[in-house]
Amino acid sequence: MKKTPQTLKWLAALVATSIVITGCSKKAETSGGDSGKRKIVIGFLGKSLTNDVFQAAQSGAIAAAQEFGAKYNANIEIEIRTPNDEDATKQAEALEALTRRGVDGIAVSCAETNTISPSIDKAVDKGIPVMCFDSDAPSSKRFAFYGTADISCGATIMNELAKSMGEKGTVAILGGNQSAPNLQNRVAGAKEALAKFPGMKLNEPGVFFHTETPEKSAEAVQNAQNANPNIQGWAFIGGWPLFTADALKWPAGSIKVVSCDALPAQLNYLRDGHVDVLYAQDCYGWGYKSVEILLEKIVNKKEPATPIIIDPLTKVTKENVDEYGKNWEKWLKK
């Protein structure tokens with residue numbers, strides 16, 4: 001069955017408020033059980049259930065739990081604690097609840113570091129390994145991070161936009177949550193890259209922040225474009241508005257757009273010419289690889305060779321969009 005964004009949301013809703021039992025088709029033991037398998041519980045927190053990238057990440061985490069159960073002779077559970085909307089305080093509360101519960105490991109994408117880092121440190125002090133994905137908390141006691149090289153990501157998107165615009169024109173940056181450290185770095189990278197093109201300039205205002213929901217981000221783009229009709233190109237450092245249909249209210253190709261992420265809903269904007277290039281992050285891998293890294297830490301006491309593991313971007317264009325789209329059918333089949 002072909003999976004759609006609606007299917008993703010259904011999957012997220014299914015796992016949002018309950019413990020997901022995976023890793024084995026048998027009934028999970030509460031403490032090893034009579035199968036002799038160890039029970040491992042991993043807490044998982046994205047920034048927001050309304051953001052499709054974290055729904056994809058959760059699907060990856062669940063798949064990893066299913067696949068690695070045999071390797072580690074364990075029944076692996078993923079306990080999803082992603083808040084409905086982006087809220088650092090709720091993430092901190094969820095981290096502390098997972099710590100009190102005594103889970104075996106935690107993976108988190110930080111909505112904001114100052115609020116969340118103390119809760120990460122409390123978990124680590126209790127002997128619970130914590131890693132970050134997507135958005136890091138580098139000053140915390142987390143042992144690893146898996147995600148995008150954010151400054152490079154912002155620069156890559158702006159460089160591609162410059163290429164699409166013939167290195168001239170006025171551009172704007174869609175910035176997401178102003179407090180998120182990963183997005184701050186992407187904006188910085190985009191601005192740094194823009195400075196290399198003398199024929200281009202940043203609109204004033206140039207960076208538009210917003211609540212990271214498809215509806216709010218699409219509204220932000222529309223309002224910004226209406227108020228600043230001189231904007232000729234957009235650098236979306238996150239793909240938020242493209243997670244919903246009909247978000248770009250201009251004729252295809254009349255305003256250039258290069259965007260981060262390549263989720264199923266975004267691919268149609270590429271096909272119809274509203275978007276020139278997408279740069280896919282490993283959203284599915286944020287969950288899959290995080291669980292894999294945590295299991296090595298939990299079971300074998302082994303950490304990655306380096307604490308920062310970079311998720312390379314994949315360039316998606318009209319030429320390879322259909323081939324890339326097949327990944328989602330593979331990743332989301334359940």
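Here are five short exercises, with worked solutions, on the predicted model shown above.

**Exercise 1: The whole protein**

Task: Find how many helices and strands the protein has, and what share of its residues is buried.

Solution:
- Step 1. Start with the elements: there are 10 helices and 13 strands in the protein.
- Step 2. Move on to burial: of the 334 residues, 60% are buried.
- Step 3. Look at how the chain meets itself. Take the contacts between residues at least 6 apart in sequence: 71% of them join residues at least 24 apart.

**Exercise 2: The nonpolar cores**

Task: Work out how many residues the largest nonpolar core has, and which residues have the most contacts inside it.

Solution:
- Step 1. Recall a general tendency: in soluble globular proteins, nonpolar side chains tend to be buried together.
- Step 2. Turn to this model: its largest nonpolar core has 86 residues. Those with the most contacts inside this core are Ile42, Ile76, Ile78, Met158, Trp234 and Leu248.
- Step 3. Keep looking, and you will find a second, separate core of 19 residues, which includes Val41, Leu45, Leu95 and Ala137.

**Exercise 3: Two residues of helix 6**

Task: Decide whether Pro181 is buried or exposed, do the same for Arg186, and list what each one touches beyond four places in sequence.

Solution:
- Step 1. Locate them: Pro181 is in helix 6, which covers residues 181–194, and Arg186 lies in helix 6 too.
- Step 2. Use the cut-off for buried, under 20% relative accessible area. Pro181 has 16% relative accessibility, so Pro181 counts as buried. Arg186 has 2%, so Arg186 is buried as well.
- Step 3. List the neighbours. Pro181 touches Cys110, Ala111, Glu112, Thr113, Ser135 and Asp136. Arg186 touches Asp134, Thr148, Asp150, Cys153, Gly154, Ile237, Cys260 and Gln281.
- Step 4. Check two distances. The C-alpha atoms of Pro181 and Asp134 are 10.0 Å apart, with their positions 47 residues apart along the chain. A polar atom of the Arg186 side chain lies 2.8 Å from the backbone oxygen of Ile237.

**Exercise 4: A cavity inside**

Task: Describe the largest cavity: how much space lies in it, and which element gives the most to its lining?

Solution:
- Step 1. Search the whole structure for cavities of 30 Å³ or more: there is one.
- Step 2. Note the volume: about 90 Å³ of space lies in the largest cavity.
- Step 3. Look at the lining, which has 16 residues; the closest to the centre are Val53, Asp134, Arg186, Trp240 and Gln281.
- Step 4. Name the elements: helix 2 (52–68) and helix 6 each give two or more residues. Helix 6 gives the most, with three residues.
- Step 5. Sort the lining by type: six residues are nonpolar, five are polar and five are charged.

**Exercise 5: Backbone details and a loop**

Task: Say where Asn73, Asp261 and Glu319 lie, and which peptide bond at a proline is cis.

Solution:
- Step 1. Asn73 is in the loop between helix 2 and strand 3 (74–80). Its phi is positive, about 50°, although Asn73 is not a glycine.
- Step 2. Asp261 sits in the loop between strand 10 (256–260) and helix 8 (264–271). Asp261 has a positive phi of about 75°, and is buried at 4%.
- Step 3. Glu319 is in the loop between strand 13 (314–316) and helix 10 (321–331). At 71% relative accessibility, Glu319 counts as exposed. Its side chain makes a polar contact of 3.0 Å with that of Thr317.
- Step 4. The peptide bond from Glu204 to Pro205 is cis, and Pro205 belongs to strand 8.

Conventions: Residues are numbered from 1 along each chain as its sequence is written. This is a predicted model: local features need pLDDT of at least 70, side-chain atom pairs count only at pLDDT 80 or more; totals for chains, interfaces and linings use all residues. Side-chain values use heavy atoms; hydrogens and water are left out. Helices (H or I, at least four residues) and strands (E, at least two) are DSSP runs, numbered from the N terminus. Buried means under 20% relative accessible area, exposed over 50%, partly exposed in between (1.4 Å probe, protein chains only). Contact means heavy atoms within 4.5 Å. A nonpolar core is a set of buried Ala, Val, Leu, Ile, Met, Phe, Trp, Tyr and Cys residues joined through side-chain atoms within 4.5 Å. A polar contact is a pair of N or O atoms within 3.5 Å; within protein, one must be able to donate a hydrogen and the other to accept it, and residues adjacent in sequence count only if both atoms are side-chain atoms. On a 1 Å grid over the protein atoms alone, a cavity is a set of points where a 1.4 Å probe fits but cannot get out, and a pocket is an open set with protein on both sides within 12 Å along at least five of seven lines; lining residues have an atom within 4 Å of a point. Grid points are joined across faces, edges and corners, and a volume is the space filled by probe spheres set on the points. Ala, Val, Leu, Ile, Met, Phe, Trp, Tyr, Cys and Pro count as nonpolar, Asp, Glu, Lys and Arg as charged, and the others, Gly among them, as polar.
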